[in-house]
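Please open the model in your viewer and keep the sequence panel beside it. The stops below are meant to be selected one after another.

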Amino acid sequence: MFEDVRLQGQILGEMATFLGDSYMRSVSIALVIQDLGGTEETFSNVLTKTHQLVHNNDISQYTVADFKAFYQKIEPEIFKNVNDVIIIKVLNGLLSMYIEDLYPVAKNIALTYQLDNKLPGI
């Protein structure tokens, strides 16, 4: 029944859209990773390394560019051409489900991006 992985991805994407998925409120970090072409291993690496970064370093002054460089080191092929919105979506997805300590930095980055690009609140 669910042999077509692309169709499963489409189903999950539609469900995420219905639930209000956006860069400010990521419904599923796993779906973001899958959309980038990542695997379960990619997801695990991103989660583990971000957790280590947050708990072992002062990231209070990190920018979206800092996180982009960080993720490009972890998974170069997956994150090589990723844009700022995707990085923000990854951060918001991680903080909402896995790493609450990421909250102040992720929200500041998202708000700064929103204001700099004159985007409406989401």
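What follows is a tour of selections, with a short account of what is found at each.

This is a predicted model, in which local features need pLDDT of at least 70 and side-chain atom pairs count only at pLDDT 80 or more, while totals for chains, interfaces and linings use all residues. Residues are numbered from 1 along each chain as its sequence is written, and side-chain values use heavy atoms, with hydrogens and water left out.

**Helix H1**

Begin by selecting residues 5–18, which form helix H1; helices here are DSSP runs of H or I with at least four residues, numbered from the N terminus. The 14 residues of H1 should span 20 Å at 1.5 Å a residue, and because the end C-alpha atoms are 20 Å apart, the two values agree; the expected span is 1.5 Å times one less than the number of residues. After H1 comes Gly 20, which has a positive phi, near 95 degrees.

**Helix H6 and what covers it**

Next select H6, whose 14 residues reach 20 Å from the first C-alpha to the last, close to the 20 Å expected at 1.5 Å a residue. Which residues of H6 are buried? They are Ile 87, Ile 88, Lys 89, Val 90, Leu 91, Asn 92, Gly 93, Leu 94 and Leu 95, where buried means under 20% relative accessible area, exposed means over 50% and partly exposed lies in between (1.4 Å probe, protein chains only). If you add H2, H3, H4, H5 and H7 to the selection, you will have included elements that cover these buried residues.

**Where H4 meets H6**

Now show helix H4 (residues 64–74) together with helix H6 (residues 84–97): their axes come within 10 Å and cross at roughly 85 degrees. The axes are lines fitted to C-alpha atoms, for helices over the stretch in contact, and angles run from 0 to 180 degrees between N-to-C directions. H4 is therefore roughly perpendicular to H6, a term that covers angles of 65 to 115 degrees. On the H4 side the contact (heavy atoms within 4.5 Å) is made by Val 64, Phe 67, Lys 68 and Tyr 71, and on the H6 side by Asp 84, Ile 87, Ile 88, Val 90, Leu 91 and Leu 94.

Stay on H4 and pick Lys 68, which lies in that helix. Beyond its neighbours within four places in sequence, Lys 68 is in contact with Val 82, Asn 83, Asp 84 and Ile 87. Its C-alpha is 9.7 Å from that of Asn 81, a residue 13 places away in sequence.

Then move to Tyr 71, which, with neighbours within four places left aside, contacts Val 46, Thr 50, Pro 76, Phe 79, Ile 87, Val 90, Leu 91 and Leu 94.

**The nonpolar core**

Tyr 71 also leads to the largest nonpolar core, a set of 31 residues in which Phe 67, Tyr 71, Phe 79, Leu 94 and Leu 102 have the most contacts. Such a core consists of buried Ala, Val, Leu, Ile, Met, Phe, Trp, Tyr and Cys residues joined through side-chain atoms within 4.5 Å. Two or more residues come from each of helix H2 (29–35), helix H3 (40–56), H4, helix H5 (76–79), H6 and helix H7 (103–116), and H6 gives the most, with 6 residues.

**Leu 95, Lys 107 and Tyr 62**

Select Leu 95 in helix H6, which is buried at a relative accessible area of 10%. Not counting residues up to four places away in sequence, Leu 95 touches Glu 100, Leu 102, Tyr 103, Ala 106 and Lys 107.

From there step across to Lys 107 in helix H7, which counts as partly exposed at 26% relative accessibility. With the same sequence neighbours excluded, those up to four places away, Lys 107 touches Met 24, Asn 92 and Leu 95.

Finish at Tyr 62, in the loop between H3 and H4, which is partly exposed with a relative accessible area of 25%. Apart from residues up to four places away in sequence, Tyr 62 touches Leu 53, Phe 67, Val 105 and Ile 109. The C-alpha atoms of Tyr 62 and Ile 109 are separated by 8.3 Å, although the two residues are 47 residues apart along the chain.

Notes: Angles under 35 degrees count as roughly parallel, over 145 as roughly antiparallel, 65 to 115 as roughly perpendicular and the rest as oblique.
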